[in-house]
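Student: I'd like to go through this one by asking where each label comes from. Can we start from the cut-offs?

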Amino acid sequence: MSVIYSARGISKRFGAVPALQGVDFDVVEGKVNGLVGANGAGKSTLLKIIAGALPPDAGEIKLDGRQLAMQSITDAARAGIAIVSQELSLFPALSVEENLLLAPGKGAWRGRRAYGRSARAVLERLGVEVALNTPLYRLSLADRQLVEIARAMLQNPRVLILDEPTSSLHVAEVERLHDVIRSLRDSGIGIVYVSHFLEELLEIADNLVI
């Protein structure tokens with residue numbers, strides 16, 4: 001498997017405080033690439049940079065060997081990079097379909113019927129058996145997490161970033177999510193998995209960066 005996404009010499013300061021200094025990070029195709037570090041180590045800053053939400057002060061980012069200049073998460077989504085944040089960005093009062101239609105980089109309400117077919121296929125792949133018109137608040141927390149992943153998958157990403165994806169899940173739900181992640185990995189997606197649970201990372205990650 002090859003490196004599909006690479007960050008080299010990434011540095012970022014906030015005022016006088018250096019958050020990152022010369023960080024290198026690779027995402028290998030078809031692998032779960034684990035990232036772990038203590039609170040304040042700079043994980044969140046690095047994630048925001050590789051997901052397009054924050055520009056680095058120095059360094060370069062490449063996807064498939066081509067340099068990227070991203071100004072937003074939408075730019076990243078169009079390039080093939082999707083992120084599922086620790087704080088779910090879903091709307092409980094909206095339906096499952098309406099939440100999925102809010103995927104970054106998509107045409108929102110254009111082609112809704114075709115989008116619905118794609119959405120049902122992705123949800124089925126993730127094992128979420130609900131009607132698209134179901135209000136999100138009726139779903140379990142684990143299913144909401146999978147809906148967020150489904151929204152990312154609808155962007156057809158080469159790289160999928162999961163930020164603390166199990167922080168609010170029970171043990172059985174973690175196992176279910178890990179089964180889904182392995183399936184996505186086996187399809188060739190490069191996955192970045194961030195967690196402060198080292199035992200969890202040792203169980204799911206193929207590569208580990210500390």
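Tutor: Sure. Buried means under 20% relative accessible area, exposed means over 50%, and partly exposed is in between, using a 1.4 Å probe and protein chains only. Keep in mind that this is a predicted model, where local features need pLDDT of at least 70, side-chain atom pairs count only at pLDDT 80 or more, and totals for chains, interfaces and linings use all residues. Residues are numbered from 1 along each chain as its sequence is written, and side-chain values use heavy atoms, with hydrogens and water left out.

Student: Why is Asp64 called partly exposed?

Tutor: Asp64 has a relative accessible area of 33%, and partly exposed is the class between under 20% and over 50%, so that label fits. Asp64 is found in the loop between strand S4 (58-63) and strand S5 (66-68). Helices (H or I, at least four residues) and strands (E, at least two) are DSSP runs, numbered from the N terminus.

Student: What makes the phi of Asp64 worth a remark?

Tutor: The phi is positive, about 55 degrees, although Asp64 is not a glycine. Most residues other than glycine have a negative phi. Asn156 is another such case, with a positive phi near 50 degrees, and its place is in the loop between H5 and S7.

Student: And why does Asn156 count as exposed?

Tutor: Its relative accessibility is 61%, and exposed means over 50%, so Asn156 qualifies. His170, in the loop between S7 and H6, passes too, because its relative accessible area is 59%. By C-alpha atoms, His170 is 8.5 Å from Ala142, with their positions 28 residues apart in sequence.

Student: How do you know that Asn99 is buried?

Tutor: Asn99 sits at 0% relative accessibility, and the buried class is under 20%, so there's no doubt about the label. Asn99 lies in helix H3. Leaving aside residues up to four places away in sequence, it touches Leu90, Phe91, Leu94, Leu136 and Arg151, where contact means heavy atoms within 4.5 Å.

Student: What makes helix H1 "mostly covered"?

Tutor: Six of the eight residues of H1 (residues 43-50) are buried: Lys43, Thr45, Leu46, Leu47, Ile49 and Ile50. Gly52 follows H1 and has a positive phi, near 85 degrees.

Student: Why are H5 and H6 called roughly parallel?

Tutor: Their axes come within 10 Å and cross at roughly 15 degrees. Angles under 35 degrees count as roughly parallel, over 145 as roughly antiparallel, 65 to 115 as roughly perpendicular and the rest as oblique, so H5 is roughly parallel to H6. The axes are lines fitted to C-alpha atoms, for helices over the stretch in contact, and angles run from 0 to 180 degrees between N-to-C directions.

Student: Which residues make that contact?

Tutor: H5 brings Ala142, Asp143, Leu146, Ile149 and Met153, while H6 brings Glu173, Arg176, Leu177, Val180 and Leu184.

Student: What makes a set of residues a nonpolar core?

Tutor: They must be buried Ala, Val, Leu, Ile, Met, Phe, Trp, Tyr or Cys residues joined through side-chain atoms within 4.5 Å. The largest such core has 40 residues, and Leu100, Ile149, Leu160 and Leu184 touch the most other members. H5 gives the largest share, seven residues. Apart from this core lies another, of 24 residues, including Ile4 and Leu46.
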